[in-house]
Amino acid sequence: MEITRILKELSTIEEGFLYCGYPDVILHQANVMKIVIETAKILELSEEETFWAAVNARLHDYSKKGWPDIMVWVQKEDPAFTEYHKGLIRYHPAASYAFLINDAKKRLVTTGDPVFEILCDEERLLPIKSHHERYDGVSVKTHPNAHYPGYPGDLSGNDIPLIARMIGGADTYEAIRAGREYRSTGIKDHEDAMEEIIAVSCNEVGPVVASALKHIPKSRLDEICLRTKEEVLQ
Ligand SMILES: [Fe+2]
Ligand SMILES: [Fe+2]
């Protein structure tokens, strides 16, 4: 099956996001996938590896379609943000992996579409489970009070799959460009976002991915990050 068609068709499994409280995840995942593909070019990954990097990135936050609306607007310091909500964040990589494969198996049976066979590949989709691990091993298990600990805290260093580290780097850059400033406020342009990501990325995603991100042309990152949700949904 032709790769571009597969990547386009993967969006069909995202339709649930249109009706949940977290619709911007569609735009986020689409943008992260494109940044991951650019990272793969810099790292000279094979076509097959690039394809799997793209598939993992496209649906890495899959479980967020089940998140309650409060996750969109509540601040983490707000008393309404409880341990339950913290748990939704902390377990979303493992939940995304499990929900995605479970949904894909059901869709494969009901539709027979081979696209869903791809999403049943438990081995190739493992990077989804570790896209928020930190390269330096600072995690909710080892440093629960760190400002931004990794989770679930099972892996560190090069034990974290390269694809997971690529998603982590793209995720941080995209979140900053989109204005979801969970670390700093008011950062939206490329230069500030890149400065921030370089400052944190060696600890969080490691030197290989940090260096690759630096080499993606600014014009390409602008093209990706300045798209609107409407353009992506077309
Ligand atoms: Fe995530
Ligand atoms: Fe994400």
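**Stop 1: helices 2 and 3**

Select helix 2 (residues 24-42) together with helix 3 (residues 47-58) in this predicted model. Their axes come within 8 Å and cross at roughly 160°. An angle over 145 degrees counts as roughly antiparallel, and helix 2 and helix 3 are therefore roughly antiparallel to each other. The crossing in which helix 2 passes helix 3 is right-handed.

Next, display the side chains at this contact. From helix 2, select Gln 29, Val 32, Met 33, Val 36, Ile 37 and Ala 40. They meet Glu 49, Thr 50, Ala 53, Ala 54, Ala 57 and Arg 58 in helix 3. Coloured by class, the residues of this contact divide into eight nonpolar, two polar and two charged.

Keep helix 3 selected on its own for a moment. Helix 3 has 12 residues and reaches 16 Å from its first C-alpha to its last, close to the 16 Å expected at 1.5 Å a residue. Which residues of helix 3 are buried? They are Trp 52, Ala 53, Ala 54, Val 55, Asn 56, Ala 57 and Arg 58.

**Stop 2: the whole chain**

Zoom out and display the protein chain as a cartoon. Its secondary structure comes to 12 helices and zero strands. Read along the sequence, the pattern is α-α-α-α-α-α-α-α-α-α-α-α. The protein chain has 234 residues, of which 36% count as buried. Among the contacts with a separation of 6 or more, 68% are accounted for by residues 24 or more positions apart. The next two stops each visit a pair of residues distant in sequence.

**Stop 3: Leu 119**

Select Leu 119, which lies in the loop between helix 7 and helix 8. Is Leu 119 buried or exposed? It has 24 other C-beta atoms within 10 Å; the cut-off for a buried residue is 20 or more, so Leu 119 is buried. Now add Val 55, one of the buried residues of helix 3. Leu 119 and Val 55 are 64 residues apart in sequence, and their C-alpha atoms are 8.4 Å apart in space.

**Stop 4: Ala 170**

Move to Ala 170, which lies in helix 8. With 31 other C-beta atoms within 10 Å, Ala 170 is buried. Add Ile 35 to the selection: Ala 170 and Ile 35 are 135 residues apart in sequence but 5.7 Å apart in space, C-alpha to C-alpha.

What is in contact with Ala 170, leaving aside its neighbours within four places in sequence? The residues to select are Val 32, Ile 35, Val 36, Thr 39 and Ala 57. Val 32, Val 36 and Ala 57 have appeared on this tour before, among the residues where helix 2 meets helix 3.

**Stop 5: helices 8, 9 and 10**

Stay with helix 8 (residues 162-177) and add helix 10 (residues 207-214). The axes of helix 8 and helix 10 come within 9 Å and cross at roughly 45°. That makes helix 8 oblique to helix 10. Helix 8 passes helix 10 in a right-handed crossing. On helix 8, the contact is made by Arg 165, Met 166, Gly 169 and Tyr 173; on helix 10, by Val 209, Ala 210 and Leu 213. By class, this contact has five nonpolar, one polar and one charged residues.

Now hide helix 8 and bring in helix 9 (residues 190-204) beside helix 10. The axes of helix 9 and helix 10 come within 8 Å and cross at roughly 160°. That makes helix 9 roughly antiparallel to helix 10, and the crossing is right-handed. Helix 9 contributes Ile 197, Ile 198, Ser 201 and Cys 202 to the contact, and helix 10 contributes Pro 207, Val 209, Ala 210, Leu 213 and Lys 214. These residues divide into seven nonpolar, one polar and one charged.

**Stop 6: helix 6**

Finally, select residues 92-111, which form helix 6. Helix 6 has 20 residues and reaches 27 Å from its first C-alpha to its last, close to the 28 Å expected at 1.5 Å a residue. Its buried residues are His 92, Pro 93, Ala 95, Ser 96, Tyr 97, Leu 100 and Ala 104. Where do the buried residues of helix 6 pack? They pack against helix 5 (83-90) and helix 7 (115-118). To end the tour, step to Gly 112, which follows helix 6 and whose phi is positive, near 70°.

How values were computed: Residues are numbered from 1 along each chain as its sequence is written. Chains are lettered from A and ligands numbered from 1 in the order in which they are written. This is a predicted model: local features need pLDDT of at least 70, side-chain atom pairs count only at pLDDT 80 or more; totals for chains, interfaces and linings use all residues. Helices (H or I, at least four residues) and strands (E, at least two) are DSSP runs, numbered from the N terminus. The expected span of a helix is 1.5 Å times one less than its number of residues. A residue is buried if 20 or more other C-beta atoms lie within 10 Å of its own, exposed if 12 or fewer, and partly exposed in between; C-beta atoms are placed from the backbone. Two residues are in contact if their C-beta atoms, placed from the backbone, lie within 7 Å. Axes are lines fitted to C-alpha atoms, for helices over the stretch in contact, and angles run from 0 to 180 degrees between N-to-C directions. Angles under 35 degrees count as roughly parallel, over 145 as roughly antiparallel, 65 to 115 as roughly perpendicular and the rest as oblique. A crossing is left-handed if the near helix is turned anticlockwise from the far one by less than a right angle, and right-handed if clockwise. Ala, Val, Leu, Ile, Met, Phe, Trp, Tyr, Cys and Pro count as nonpolar, Asp, Glu, Lys and Arg as charged, and the others, Gly among them, as polar.
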